[in-house]
Structures are given as structure tokens and as C-alpha cells.
Number of protein chains: 2
Amino acid sequence: MPGITEVAALAKVSTATVSRALNGKGHVSEATRRRVQSAAYELGYVISANASALATGRTKNVGVVIPFLGRWFFSAVIAGAESALLERGYDLTLYNLGGGRDERRSVFEHFLLRKRVDAVIAVCLQLSADEVGHLLDLGVPIVGVGAPLPGLRTVGVDDAAMARVACEHLIGLGHRRIAHIGAERDSAPPTGRLLGYEAALVLAGLPTSAALCTAADPTLPGGYRAAQTLLADARARPTALFAASDEMAIGAILAAHDLGLDVPRDVSVIGIDDHELSAFFGLSTIAQFPAEQGRRAVEYLMDELHPRGLVPVPVLPLRFELVVRTSTGACPD
Amino acid sequence: MPGITEVAALAKVSTATVSRALNGKGHVSEATRRRVQSAAYELGYVISANASALATGRTKNVGVVIPFLGRWFFSAVIAGAESALLERGYDLTLYNLGGGRDERRSVFEHFLLRKRVDAVIAVCLQLSADEVGHLLDLGVPIVGVGAPLPGLRTVGVDDAAMARVACEHLIGLGHRRIAHIGAERDSAPPTGRLLGYEAALVLAGLPTSAALCTAADPTLPGGYRAAQTLLADARARPTALFAASDEMAIGAILAAHDLGLDVPRDVSVIGIDDHELSAFFGLSTIAQFPAEQGRRAVEYLMDELHPRGLVPVPVLPLRFELVVRTSTGACPD
DNA sequence: CTGAAAGCGCTAACAT
DNA sequence: ATGTTAGCGCTTTCAG
């Protein structure tokens with residue numbers, strides 16, 4: 001493995017010039033720049049990230065912290081972030097909190113602190129004050145994605161607005177008994193999606209009730225069970241279900257089928273996410289774009305890391321979009 | 001951020017001793033070791049990974065390369081690897097090849113080469129000769145997971161054996177017309193799972209036929225479509241479906257339902273993986289344990305990195321296990 | 001068992 | 001525009 005010295009020798013310049021030529025910093029004449037570049041290429045020179053990091057204090061590496069692996073949303077965020085980072089020559093190191101309290105502590109107390117990362121992206125994290133403290137101690141830019149983090153800049157869509165749009169779609173179809181599947185009604189703080197659901201009903205002059213809110217695991221089986229409960233009683237049955245995520249919504253569709261109900265003739269179902277399986281199930285939903293959110297988080301961090309102008313890129317509200325498929329239809333009467 | 005010098009000063013020893021005490025290398029008296037440790041603790045000292053890496057040539061970081069993000073299997077492998085690495089003080093940096101040819105090239109030609117990683121884990125990768133070359137050029141230990149890589153040590157289960165056990169379960173239930181959903185029959189090289197399927201049929205004296213093999217995308221919709229084709233013709237209908245993955249198998253179950261068929265009364269379905277959703281769908285399957293595979297890959301690498309004895313840990317065949325749920329039953333007749 | 005000192009490979013003043 | 005020269009923060013001979 002050739003080092004910068006070999007390149008310098010071949011190009012007949014000093015190592016400093018090699019460094020400048022290869023990093024595009026400082027002034028180097030076109031001629032020498034070319035000479036250096038071809039020397040580097042010829043030798044198959046690759047910079048030692050560590051040496052460079054030690055000298056500059058920048059690692060070209062960002063840490064991504066996630067609650068656990070395997071949820072579609074997280075994967076998509078990571079994929080978006082990863083690709084945005086790659087473009088900029090950055091690595092992504094992954095910190096998965098899914099392994100229990102000890103691993104979690106370990107990540108915050110040891111791993112993140114080793115000056116390995118120039119910045120961190122916290123995906124859908126709910127952190128203790130201590131943990132936020134550790135994060136801030138790093139002294140590097142931090143951005144949250146998908147979940148508002150107290151005291152940290154967060155990229156994400158407006159949960160309440162998404163939920164409202166979803167429910168307004170249902171209301172527009174004539175539904176008046178609309179159930180909510182998702183977080184507990186009295187969870188503190190209440191989730192944005194539940195708030196949006198309630199707001200939509202209230203604005204439409206519809207009654208909300210505890211009976212219409214069913215708490216569920218944020219998974220397909222969770223949605224299935226919740227919908228089973230909700231749809232069991234033919235008399236009091238809601239005509240539409242709003243699920244706070246597509247996975248739950250898909251579970252709800254399956255539950256309706258198993259109860260012999262037709263979707264959307266007997267009951268409409270809408271979710272949030274536009275999960276990869278939603279199209280297959282014909283699920284109407286509010287698409288959010290997690291890969292874009294990951295990408296956006298990176299852009300924000302890069303702006304902090306390499307301020308390019310006086311005006312920092314404002315963190316725009318992220319887009320979402322109603323996608324109408326076949327799981328929602330006019331209210332039966 | 002205190003450095004090693006501050007710790008040395010507080011403990012009234014040299015930086016060399018601090019280094020030795022904290023790394024457990026070389027001889028340090030119990031007394032000073034304790035002194036150093038409490039000094040380090042008191043100052044909240046965390047080693048600079050970069051400086052250490054530069055000095056030792058070891059980064060305590062392993063690269064994990066995956067074809068793309070978001071498949072259950074990959075996530076599980078990564079989670080297993082991540083947790084095993086964490087225990088050993090290693091970081092995991094993720095290289096996602098899912099972003100198109102350019103990103104892929106970039107990963108192999110630039111990113112992996114920066115001496116950032118002490119080892120690499122290649123998850124389910126199909127690599128060109130060039131890419132394998134780049135990997136080998138790194139001069140670091142490499143291990144594949146889940147897909148045999150020419151010239152590289154690979155951790156994984158025996159695909160053919162898994163498929164055989166699955167099909168033998170079906171055969172044991174009396175099924176004689178068993179279809180295969182998965183890879184193309186004439187793909188080169190043929191997949192282990194297809195081979196295992198054929199072997200099981202042949203061993204049982206059952207005929208195999210092109211009509212029973214349906215190529216499918218390795219996804220839920222892929223399995224759905226394949227099963228639709230297979231089950232469409234009531235006369236020639238197979239009584240059992242073997243899908244090469246649970247996602248396809250779940251799609252097949254859904255297809256059967258939509259055709260008005262009962263599973264398993266009219267048709268049995270079995271998959272491979274024990275996907276997180278399989279239990280919900282009552283899918284019989286062959287469980288493999290991806291997290292264990294990730295963990296195993298790490299153990300193998302650590303053994304190469306820190307040879308502890310003369311005998312390298314042999315790479316044992318990885319376990320798998322038939323899980324019988326409700327999607328398989330006796331052959332109707 | 002401990003300390004002094006020479007790097008690891010690169011970058012960033014500071015000179016020229 | 002380019003070269004010289006200190007480091008970046010740690011590890012590791014080599015002495016003592």
C-alpha cells in the first residue's frame with residue numbers, strides 16, 4: 001500500500017503538494033495537479049482515512065443511531081442517508097440500540113464518544129435526558145429524523161397533518177364512524193397522529209370516543225388484533241379504520257377479510273407510510289418518503305459541517321401525499 | 001475532551017503507562033493500573049479511535065457490505081453482527097450496494113480501501129471477479145454470509161438440505177404433486193434450494209417437471225403471482241407448494257385464499273426463513289437464524305484478527321429447524 | 001515495572 | 001505555487 005510519500009516521489013513534488021492537489025485545497029498549478037493525480041492513480045494510492053482524520057480532526061464518517069433494525073421505515077431512512085453520504089465521500093457507521101439496556105448504554109457512553117463521527121443522525125429515537133446529554137457532549141452536529149427530539153433539530157413530516165389528511169379523505173367519502181388504531185389514547189405525550197385524527201373528526205363535527213380508539217402494537221399482527229376487536233360487534237362497527245401505520249392497516253385489512261367483510265364495501269381502511277407492501281394490498285395511505293428524509297438529514301448536517309454561505313438551508317417541512325387505492329370507498333348506508 | 005496526556009498527568013505516570021494500563025498490554029502493577037483507571041474515569045477520558053488506529057494499524061471497525069437494505073434477512077444478519085461487534089468494542093460501518101452501478105463501483109473502488117476497516121462481512125453478495133479482487137486487495141479478513149462467494153470463506157446454512165427437509169415434510173404428509181416457487185429452473189448456477197427440492201422429490205420417487213417450477217420475484221407479491229398461476233387450473237393443481245422463502249410463501253397463502261382454497265385442506269404451503277411474519281400467517285417453514293449467522297461471521301473474523309490459539313475455530317455448518325405450523329397438512333385425497 | 005522518544009500517514013501553517 | 005516543518009493523539013520499541 002503506497003503512501004503519500006511514494007506519490008510525492010513519483011510526481012516529484014512534496015507531500016504537502018500531493019495533499020493539496022488531491023484535496024483541492026490551496027493553490028496548485030494545473031500541471032502539477034495532473035502529475036500528482038496520475039501518479040496517485042498509477043500507484044493505486046488511497047488515502048489513509050485515519051491519518052487524515054487525525055490531522056484534520058474530521059473523520060468523514062457519520063453515525064446513525066436507530067432504535068432497532070428491521071423496520072421498513074428505518075431501513076429506508078438509512079438507505080437514503082447512506083446514499084447521500086456516499087456521494088459526499090462519507091461513511092456511515094451504524095449504532096443499533098435494539099440489543100437491550102446494556103448495549104444501549106454502551107453506545108452512548110463509549111462508542112459514540114470516540115471521535116469517530118463528525119455528526120450523528122438519530123432516527124426515531126426517544127432519548128432520556130442523559131442520553132441527549134451524551135449526544136450533545138460530542139460537540140458535533142446532530143439531527144433527528146422522524147421523531148422530535150427535545151433540544152435537537154429534527155427532520156420529519158407533520159404527523160398530525162398526515163393523520164388529518166387521511167381522516168379527511170375518509171370523511172369526504174361520507175364516513176362518520178371512524179376508528180383509530182395506534183397509540184393509546186391517553187399516552188403522554190399524545191402522538192401527533194392521534195391528535196390529527198381527533199382534530200379531523202372534531203372539525204367535521206363528528207364525535208370522538210374512547211370506544212373508537214384501539215391501542216395496538218405497531219405491527220401487522222397488532223393491527224389485525226385491534227381491527228378484530230373493533231369490527232367484532234356488527235351493530236357498533238365503525239365504517240372506516242384509520243391506522244397510524246401501514247403495517248397495522250394491512251393487519252386490519254386481513255382481519256376484515258377473516259371476518260367476512262369486504263374492503264372497502266363494508267369497511268374502509270387507510271394507513272400512513274406507503275409501506276413497500278401497501279400497493280400489493282391496495283391500501284390507501286399517506287405516503288411519506290423516508291429515503292428523502294434520510295437524505296435531507298444528511299444535507300442539513302453537511303450544511304453545518306461545511307457552511308457554504310451565510311444562509312443555512314432552512315429545514316423545510318417534509319412532503320407527504322395522499323395515495324388513494326382500493327381500500328377506501330364510499331360509506332355504506 | 002481530555003487526552004492521554006491529561007490522564008497521565010493526573011495519575012502521575014507517563015502516557016506510555018496509561019496506554020498499557022488501559023489496553024491491558026504489557027506489564028503494569030495493579031496499583032498503577034488502578035490509579036490510571038480512576039484517573040481516566042474521573043476525567044471522562046475516551047480514547048481517540050483515530051489516533052489509536054493510526055498508531056496500531058487496527059481500526060476496530062468492520063465493514064458490512066449488503067446488496068440492499070430492507071430485506072428481513074439482511075437486517076437480522078446485521079443486527080446479529082452489530083451486537084457481536086459491540087461486545088468486542090468494534091464499530092460497524094455499513095456499505096449498501098443498493099444504489100445503482102455507480103454507487104456500487106464507488107464502494108469497491110474507494111470506500112472499502114481507505115484502511116478504515118479491519119475486516120469485512122459480505123452479506124448475500126454476488127460479486128464480479130473484479131469486485132472479489134478489490135476485496136482481496138484489502139488484505140483484511142473477509143467472510144461471506146448467506147451466499148457462497150468464490151474464493152472466500154462463507155458462513156451459512158446448507159440451502160439444499162433446508163429445502164430437502166421442507167419437501168420431505170410435505171412428502172411425509174402424503175403429498176405427491178409438490179410445486180416449487182422461487183428461482184428459475186435453468187438458472188446457472190442452480191440455487192441450492194431448487195436442488196434440494198428436486199433431490200427430495202427424486203429420492204421419494206416422485207416426478208419433477210417444469211410445470212411444477214414457477215419462477216418468482218423473491219417477494220410477497222412474487223409468491224402471490226406464482227401461486228396464482230400454479231393453482232389456477234383445478235385439475236392439474238399441485239397439493240403442496242414449496243416456496244424458497246417465507247415472503248413468497250406468505251404471498252402463496254394469500255393467493256390460495258383469494259382463489260377460495262383453504263390452507264392446508266386444499267393446498268399446503270411451506271417456506272424457508274421463519275420470517276418475522278410467518279407465525280402470524282401460520283406458515284410452516286424451515287427456520288434459519290440470521291442473527292446467529294451474523295454473530296458467527298464476527299466470531300470467525302475475530303479469530304482471524306486475534307488468533308487465540310493454534311486451532312482456528314472451525315466454521316461449523318449452521319443450524320436450521322423445521323417449524324410446523326398450520327399451513328401444512330395431510331394431502332387431500 | 002515504568003519512562004523517553006520515535007514514529008503511524010497526513011495536513012496546515014509558515015516560509016520561500 | 002511549492003517546500004519545510006510541526007504536529008494530530010496514541011502505541012511501542014528500547015532503556016533503565
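Tutor: Let's start with a definition: two residues are in contact if their C-beta atoms, placed from the backbone, lie within 7 Å. Keep in mind that this is a predicted model.

Student: OK, so how many residues does the contact take from chain B and from chain A?

Tutor: It takes 37 residues from chain B and 38 residues from chain A. On the chain B side, helix 4, helix 5 (72-87), strand 2 (91-96), helix 6 (101-109) and helix 10 (220-232) each give two or more residues. Helix 5 of chain B gives the most, with eight.

Student: What classes of residue make up the side of chain B that touches chain A?

Tutor: There are 20 nonpolar, eleven polar and six charged residues on that side.

Student: How do you know that the copies meet through the same surface?

Tutor: Look at the overlap: 100% of the interface residues of chain B are also interface residues in chain A, so the two copies use the same surface.

Student: And what makes the relation between chain B and chain A a two-fold rotation axis?

Tutor: Chain B superposes on chain A after a rotation of 180° with 0.0 Å of shift along the axis, and the RMSD is 0.1 Å. The two copies are thus related as by a two-fold rotation axis. In chain B, the C-alpha nearest that axis belongs to T93(B), 2.0 Å away from it.

Student: Let's go inside chain A. Why is helix 10 called oblique to helix 11?

Tutor: The axes of helix 10 (residues 220-232) and helix 11 (residues 246-258) of chain A come within 6 Å and cross at roughly 45°. Angles under 35 degrees count as roughly parallel and 65 to 115 as roughly perpendicular, so this crossing of helix 10 and helix 11 of chain A is oblique. The crossing is also right-handed.

Student: Which residues meet there?

Tutor: From helix 10 of chain A they include L220(A), Y224(A) and L231(A), and from helix 11 of chain A they include M248(A), I250(A) and L254(A). The residues of this contact between helix 10 and helix 11 of chain A divide into 13 nonpolar, four polar and one charged.

Student: Now the DNA. What makes a residue count as near a strand?

Tutor: Its C-beta atom, placed from the backbone, has to lie within 6 Å of the strand. For DNA strand C, 27 residues surround it, and the closest are I4(A), A16(A), S19(A), A55(A) and H27(B). Helix 4 of chain A supplies the largest share of that surface, five residues. By class, the surface near DNA strand C has eleven nonpolar, 15 polar and one charged residues.

Student: Which residues come nearest to DNA strand D?

Tutor: Of the 26 residues around DNA strand D, they are A16(A), H27(A), I4(B), A16(B) and S19(B). Helix 2 and helix 4 of chain A, together with helix 2 and helix 4 of chain B, are the elements that give two or more residues to this surface. The surface near DNA strand D has eleven nonpolar, 13 polar and two charged residues.

Student: Last bit: which peptide bond of chain A is cis, and where does its proline sit?

Tutor: The bond from V263(A) to P264(A) is cis, with omega near 10°. P264(A) is found in the loop between helix 11 and strand 9 (268-273) of chain A. In chain B, the bond from V263(B) to P264(B) is cis too, with omega near 10°.

Student: And what makes K115(A) worth a look?

Tutor: Its phi is near 60°, a positive value in a residue other than glycine. Most residues other than glycine have a negative phi. K115(A) lies in the loop between helix 6 (101-111) and strand 3 (119-123) of chain A.

Key:
Residues are numbered from 1 along each chain as its sequence is written. Chains are lettered from A and ligands numbered from 1 in the order in which they are written. This is a predicted model: local features need pLDDT of at least 70, side-chain atom pairs count only at pLDDT 80 or more; totals for chains, interfaces and linings use all residues. Copies are superposed by least squares on the C-alpha atoms of residues with pLDDT of at least 70 in both. Axes are lines fitted to C-alpha atoms, for helices over the stretch in contact, and angles run from 0 to 180 degrees between N-to-C directions. Helices (H or I, at least four residues) and strands (E, at least two) are DSSP runs, numbered from the N terminus. A crossing is left-handed if the near helix is turned anticlockwise from the far one by less than a right angle, and right-handed if clockwise. Ala, Val, Leu, Ile, Met, Phe, Trp, Tyr, Cys and Pro count as nonpolar, Asp, Glu, Lys and Arg as charged, and the others, Gly among them, as polar.
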